[in-house]
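These exercises are for a reader who is new to the structure. Try each task before reading its solution.

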Amino acid sequence: MAPLETHDAIISGAGPVGLFLAAELALAKCSVLVLEKAEDPHSPLKRLPFGMRGLSAPTIEALYRRGLLDQLEIHRQIKNPHSNAVKGARRQAGHFAGIPFHDGDIDPSQWRYRLPSSTETSLVSEMAELEAVLARRAQALGVEIRRGLAVTGFHRTEDGVTVQARDSSFKAQWLVGCDGSRSVVRKLAGFEFAGTEPEFTGYTTRIDLVDPEKLKPGRNLTATGMYLQSQPGYVLIQDFDGGAFHGAEKPITLEHVQEVLRRVSNTDVTISALHVAATWTDRARQATSYRNGRVLLAGDAAHIHSPLGGQGLNLGLGDAMNLGWKLAATIRKQAPEGLLDSYYSERYPIGAMVLDWSRAQVAIMKLDPHARALYAIVRDLINTRDGASYFAGRVWGVSTRYELAFDHPLVGYSVPNFEFDDGARIGELMHRGQGILLDFASNASLKTVASESGGRLEYVSRNAKDRLGLSEAGPCTRTPIRPGHRPRAGTTRSSSRSSPGACSRSRSSSICHSGAVDTTRLFVAKSASPSTRRRPGLPSPTGVNTLAAPTTCGAAGPPGASGGAPTGTA
Ligand SMILES: Cc1cc2nc3c(=O)[nH]c(=O)nc-3n(C[C@H](O)[C@H](O)[C@H](O)COP(=O)(O)OP(=O)(O)OC[C@H]3O[C@@H](n4cnc5c(N)ncnc54)[C@H](O)[C@@H]3O)c2cc1C
């Protein structure tokens with residue numbers, strides 16, 4: 001029998017999350033096979049207007065930091081659905097449960113580490129375009145994508161996983177389920193998928209109407225549900241039936257959609273043709289673990305919730321960014337113990353928050369008087385400065401922060417997009433996906449640290465136009481920038497005294513930003529004491545932690561003592 005085709009990793013599912021993850025792994029020189037069930041990547045549901053997906057700040061940053069943002073064209077051609085005709089202070093900047101918040105009410109000064117050079121806080125994308133860009137990128141990096149080959153089973157071997165797809169078998173060290181909400185990988189691997197049952201069935205439809213004037217444009221909360229007409233004939237409906245219709249898996253007929261639309265819109269509108277229809281619910285579930293041996297989950301395979309507020313794609317791409325460099329380091333045997341498990345400890349809480357955000361929206365959209373009373377209160381709050389700023393921070397993802405053990409206010413946030421004297425920005429230096437050691441003080445010892453990292457850290461010595469106070473003399477601060485990109489939490493300190501390039505070699509007033517290339521969260525380790533400050537229960541995080549191990553700076557630890565090793569977020 002011919003030997004099985006072997007890869008470092010097999011990814012089940014060529015959706016946006018699987019493709020992004022594949023590219024991250026390939027960027028780190030891992031061999032990746034993506035198996036995709038659908039023969040044809042095209043679908044009307046991935047095209048505008050149904051395929052419209054709102055991207056939030058961490059996703060936009062991730063794309064920018066991998067050089068992909070410029071390849072998205074759609075957002076330059078279409079209007080953001082949250083931007084109504086009103087300009088200026090009353091421009092709609094987002095919504096919660098359909099309640100808009102406005103530009104003029106938001107106080108951006110609270111995000112003091114977001115520099116003017118930051119990327120957008122939100123933009124509109126199209127699934128079809130995003131997938132095409134990501135597939136092109138993955139293939140250019142050597143990823144093989146086989147379409148029309150659904151994963152149907154797998155079995156674990158001593159050193160990996162053998163995966164079945166129809167009549168073919170493939171071997172890999174790792175299998176990652178990015179195969180969406182009904183993930184076969186999740187089910188076969190026995191992951192628990194815990195959560196709450198749905199309140200409604202949602203309908204995505206393209207219809208012809210005999211009397212379109214009977215429906216109002218935009219989002220309409222009614223006494224019996226919600227309908228949203230993004231353009232004539234493109235209608236989303238939310239019917240609070242407890243998810244019964246979706247669960248019954250009955251065919252979606254014109255007669256059924258008409259009955260639901262008439263009831264929810266409280267009109268006698270008539271549908272003459274039904275072109276496209278799909279249903280979905282607000283069922284909210286999350287895998288209680290993201291790893292089972294050599295099988296991992298990411299994206300909708302790991303968590304599902306209603307699309308209200310549009311966060312699932314952003315959440316999934318955050319998983320991919322966090323997992324990519326950690327899995328690559330594990331495959332390349334460069335990962336410290338526990339690094340891969342920090343994927344779950346960092347990403348699970350973010351997923352749980354998003355599920356609750358979606359549940360909260362559903363709760364106040366319901367039809368009972370209690371829900372309507374809460375809805376009215378939230379509407380009042382969202383129209384205040386503090387309220388609008390709070391909702392904007394959550395919806396745009398700019399207030400998302402990994403809960404790290406260090407007390408510097410920057411720790412756990414996305415790295416600011418520092419702009420250098422020559423106009424270049426730190427985000428443009430992250431395309432290759434490696435860690436960055438950014439040194440504002442031209443410290444020769446930090447250069448040595450990077451040169452001893454075996455290519456995992458790039459040393460960048462430049463002056464930033466605005467250092468955000470990070471260069472002030474005083475206790476040494478070190479800020480590693482990980483390869484991954486979204487924020488989340490979890491900081492630890494390495495206790496290894498023999499860390500190559502530990503900051504004990506550095507001068508006390510220097511600042512080192514070490515990038516371990518996640519995409520972006522910034523970790524500042526303030527060396528305050530030589531003691532380890534590992535958070536209980538959290539593994540030592542990134543492979544570069546040791547490189548950034550703190551020390552002796554400033555008042556804190558004695559030279560040579562190991563202090564805190566910052567760890568990033570993805
Ligand atoms: C109406 C609607 C609007 C939304 N709006 C937004 C928004 O504005 N912003 C946002 O962030 N999110 C939004 N979402 C959610 C977002 O679309 C999903 O969270 C996102 O697509 C998840 O990406 P994924 O790659 O994890 O899964 P998917 O996109 O579902 O991709 C999974 C892939 O796996 C393949 N697959 C399935 N089974 C197998 C198998 N056995 N073997 C191999 N391949 C398999 C599938 O064919 C598919 O290509 C919306 C969702 C809906 C329904």
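**Exercise 1.** Which residue in E16 does aspartate 208 stand opposite? Place the pair in its sheet.

Solution. Note at the outset that the model is predicted.
Step 1. Aspartate 208 faces alanine 273 of E16.
Step 2. Strand E12 spans residues 201-209 and is joined to E16 by nine bridges. The two strands run antiparallel.
Step 3. The sheet is open and has five strands, in the order E13-E14-E15-E12-E16, with antiparallel pairing.
Step 4. Strand E13 (218-222) and strand E16 (271-281) each have a single partner strand, so they stand at the edges and one side of each lacks a neighbour in the sheet.
Step 5. From one strand to the next, the twist averages 20°.

**Exercise 2.** Find which helix lies across E12, E13, E14, E15 and E16, and give its angle to E16.

Solution.
Step 1. The helix is H7, residues 254-265.
Step 2. The strands that H7 lies across include E14 (225-231) and E15 (234-239).
Step 3. H7 runs at about 80° to E16.

**Exercise 3.** Decide whether helix H2 is mostly covered, and name what its buried residues pack against.

Solution.
Step 1. H2 covers residues 57-65, and nine of its nine residues are buried. The test for a buried residue is 20 or more other C-beta atoms within 10 Å of its own.
Step 2. Among the buried residues are Glu61 and Arg65, along with Ile60 and Leu63.
Step 3. These buried residues of H2 pack against E3, strand E6 (122-126), H8, helix H11 (385-396) and strand E21 (413-414).
Step 4. Just after H2, glycine 67 has a positive phi of about 75°.

**Exercise 4.** Describe the shell around the ligand: its nearest residues, its elements and its classes.

Solution.
Step 1. There are 30 residues around the ligand, and Gly13, Gly15, Gly299, Gly310 and Gly312 come nearest.
Step 2. Helix H1 (16-27), strand E2 (32-36), strand E3 (52-56) and helix H8 (312-331) each supply at least two residues of the shell. H8 gives the most, with four residues.
Step 3. The shell has twelve nonpolar, 13 polar and five charged residues.

**Exercise 5.** Say where the model calls for caution.

Solution.
Step 1. The protein has a mean pLDDT of 81, and 80% of its residues reach 70 or more.
Step 2. Over residues 473-478 the pLDDT is below 50, although this stretch has 31 contacts beyond near neighbours in sequence.
Step 3. Residues 485-570 also stay under 50, with 368 contacts beyond four places in sequence.
Step 4. Where pLDDT is low, predicted coordinates should not be read in detail.

Terms used. Residues numbered from 1 in each chain as written. Predicted model: local features only at pLDDT ≥ 70, side-chain atom pairs only at ≥ 80, totals over all residues. Near = placed C-beta within 6 Å. Nonpolar A, V, L, I, M, F, W, Y, C, P; charged D, E, K, R; others polar. pLDDT = per-residue confidence, 0-100. Contact = placed C-beta atoms within 7 Å. Pairing = 2+ DSSP bridges. Axes fitted to C-alpha atoms, helices over the stretch in contact; angles between N-to-C directions. Buried ≥ 20, exposed ≤ 12 C-beta atoms within 10 Å, placed from the backbone.
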